[in-house]
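Reader: I am in my first year and would like a close look at a single part of this model, the place where the two chains meet. Could you take me through that contact slowly, and set it against the chain that it belongs to?

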Amino acid sequence: MSKVKSAVALILITILILGVCFMCTVSFSYGTDQMYTFNSVVSMLTKDAKLGGELADGEHYLGGGYTAVYYPEGVISAQEYEDDLNALKEAAANAAAGEKEDAEKAVSDYEGKYMRYPDANGPIFLEKETACGSKDGTEISAEFKEDFASAVSLFRARYEGLHLEDVKVQIADDYTVQIGIPAYTGAQSVILTQFASTGAFNMGYGSDAASATKLTVAKGETVNDYVKGAHATFNGSTYFVVIDLTDFGRKVIADWTATAADTAVTLYFYVGDDALISLSVNQTIDLNTLGISGNYTDETSKVVALAIDTALNGAKTDLAFRVEDVVRTHAAMTDLALILIYVSVGALILGMLAFFFVRYHGLGLAHLYTFLIWFFAMILIVWGVPQLHLGIETLLALLLGGTLLCVSDMLTYEAVRKEYALGKTMASSVKEGYKKSFWRLFDLHIAVAGFGVLLFAIALTELQAFGLALCIGAVLSGLCSLFVSRFHWAAFMSFASKEGKGKFCNFKQEVEDDD
Amino acid sequence: MMTKFKGNKLFALLVAISSVIIIAGIILYAVLGFNTANDKFDGYRVDINYNVMIELDKKEEALAKACEDAFSQNGVKFSEKNTLSSVDAASMNESMDKVLTYTFAAGTKEEALGKAVAAINAAVGSGTEFADAEVFARWHALEGERFYDPAWRGAIAIAVAVVVALGYICARYGLSCGVAGLACCAHDALFTVALLAITRFPVYAFAPVLYAAIAAFMSVVLWLVLASKFKAGFKAGEKPGAEIVGEAVQANRKDLLFTALAFGIAIVVVGAIAVGGTALAVLPAILAVAVPIYSTLFIGPEVTVAIRTALEKRKEKKKGGYVGKKKAESRE
């Protein structure tokens, strides 16, 4: 490669690397009163619930998650109890003389209606009639306990079925359920509300959800004799909730929609009292599978399908739940963790450069350029691929992929060093060194990429993301070490004199003694 | 220089030690599971809800002090403190109301926590400087539900990925290399998670299967670095398998150690600088790097030689077996 061509190529590559480096790492505000903000790619990477950080505008936070509490009917928080009681007491205090007795009775009734759990300083109040089975009960009934346990296993099945990282289901205070979901999912509200729906699955038709005519299940049959299950699917960018009907179910739907061509009908699919799907129909439907699209996204279609499927095939409970105490949580590992991760990656890059420059002198530049191309390409990929976000598993995959590239470059450089030591010319040594290393490195990267892609295809959550990042990292590392690095070597080498090429790479030839 | 692979005299002992550790790890996992304390599945939390007045009056510190005084007076010690924003469940928009949360370990006494919360409510209720802020404290006992899908699907994924990767090695470098690599991968993945189960090192729930995958990955990388050097010798068939393996191990020991060291340094540097939760999640991965170098140097070559020798013997036996009068005469 001529010096001019090398210079032009290296200038272009340097500009590209600097541009991408700026785009990836620098955030700043600009405009009048700093109205606008440019956020770097690194700051905009989606983060899991363990990591998180503020964007440059100081207003938006990426990462962390949300927690919410599912309160079953008959259970209220101590704060709600205090607020209600204080309101009643205030009403009693301000009541007119004739109404005072009733208002004071309302206070005492309210006090008698609930018992604090588990003790006098407990965090929740249980409605005696619901939880104990009678107004004067003091022991929580077995039926309530059983209903609550069924609900917990239903919630667990739903949240586990989401296959999202950092999802948590915790029993709080024995009789409420605390849910934790990551912020990177765009469907937090849908997840929290739809998954709170309990009760049996049912379907109906009519003009509105409340007054719709519901399916009457024949004696000796269950709703499962009409509907087999539900799942989510997609076609291009349209997402569907698919309801799988039995022949009975198909007939029922066909009957309900028989006159739909004349008068439009709306079909409703319920879990408990909540209509999760309403489908407006203007023609007869006579199908075994109903693919229902709407404004579903990938996530919301899965959530609705999962809520219906678990209501059909999961644990049964009639205990109704409401969503309260929703809180935005920041990074579980604290905001500092992300900054320290960036610092540690920077330190690693500096250490790597020190090693390559000390051992290979000018050849370190070829590795530096190769590594930076790989590094920024990986950052852009993590940013652009929806299945990837910044978490510990992605960090580990990036570390392993980056190290794989360094090791590959080092193995090649050492192979060339050996050839050069035999007295060959630099061009011949490079050719021979790469030839000898090619299949070794090819096999290494193919095996690792295959390993990663299978993890991505079969595993779930963190390991799945790790597999994808590792696979992409290995493929890029293979391309970089086998081709890009060699190109950089040739480009940088063209500036060294013929005699100085060995010195440029810190390679030495073995000089045989004439004697 | 001819370097015959002398075999490791302690091979049987090493295999026995590995087997004991793996079996002990499996038993401990079955009985106790992993120590998933990092996830804080179980424990206690105190939430202090308040409205925007605290922020407007700049009383955050005073409120925190009142809470922390109540905790210390009742002998309870929190491990984490956060200020969070309340969110509207329908819109998911953050409101001006905040929640000050304190996290407590699983062994904390409920009675003491209840008393501390009662003391906080007394200190911040009506008639105090916080009266306008609607401050209310509650304590919560939390008990986590575990998800098992990611663990078993992950185990299957690693098994399939390892078999396919090693199938590739089989196709490229021969049966003995493939089987020995498979033995190393299986050993490394199981050994790594067994060590985590035995030491009870605190890990995140998702992590053991991730460390197993890293161990399998490292095993594949190191084994490929070594096995690629067997290929030419095995193909030429001029030397016995033991000699080829011996030469390759000696010539590549430096490459193997350097490769493992590079991966190890990357993990240690991140673990050492990014302290706290990140270190707890990243540092155990060092096991997943250390175990494969042990198996690649001490177990893999021994298994390769054993299989290669068996294959060579079988080949010899075939050569020496009855081949018919005509063929025998032509050989002579």
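Author: What follows treats the contact between the chains, and then chain A itself.

This is a predicted model, in which local features need pLDDT of at least 70 and side-chain atom pairs count only at pLDDT 80 or more, while totals for chains, interfaces and linings use all residues. Residues are numbered from 1 along each chain as its sequence is written, and chains are lettered from A and ligands numbered from 1 in the order in which they are written.

The contact takes 69 residues from chain A and 66 residues from chain B, where two residues are in contact if their C-beta atoms, placed from the backbone, lie within 7 Å. Among the elements of chain B that give two or more residues to this side are strand E4 (136-145), helix H5 (149-173) and helix H9 (241-273); helices (H or I, at least four residues) and strands (E, at least two) are DSSP runs, numbered from the N terminus. H5(B) gives the most to the side of chain B that touches chain A, namely 13 residues. By class, that side has 44 nonpolar, 13 polar and nine charged residues, where Ala, Val, Leu, Ile, Met, Phe, Trp, Tyr, Cys and Pro count as nonpolar, Asp, Glu, Lys and Arg as charged, and the others, Gly among them, as polar.

The two chains also share a strand pairing, a term used if DSSP finds at least two bridges between two strands. Strand E9 (residues 168-172) of chain A pairs with E4(B) in the antiparallel sense, over four bridges, and within this pairing Ile171(A) has Glu143(B) as its bridge partner.

Turning to chain A, its secondary structure comes to 15 helices and 18 strands. Its radius of gyration is 33 Å, well over the 24 Å that the globule rule gives for 515 residues, so chain A is more spread out than a compact globule; the radius is taken over C-alpha atoms, and the rule is 2.2 Å times the number of residues to the power 0.38. Along its principal axes, the C-alpha trace of chain A spans about 120 × 60 × 50 Å.

An automatic or database domain assignment gives chain A domain 1 (3-50 + 334-505) and domain 2 (65-71 + 142-329), and the C-alpha centres of these two domains lie 46 Å apart. Here 10 residues of domain 1 are in contact with eight residues of domain 2, and the residues on the domain 1 side divide into two nonpolar, four polar and four charged.
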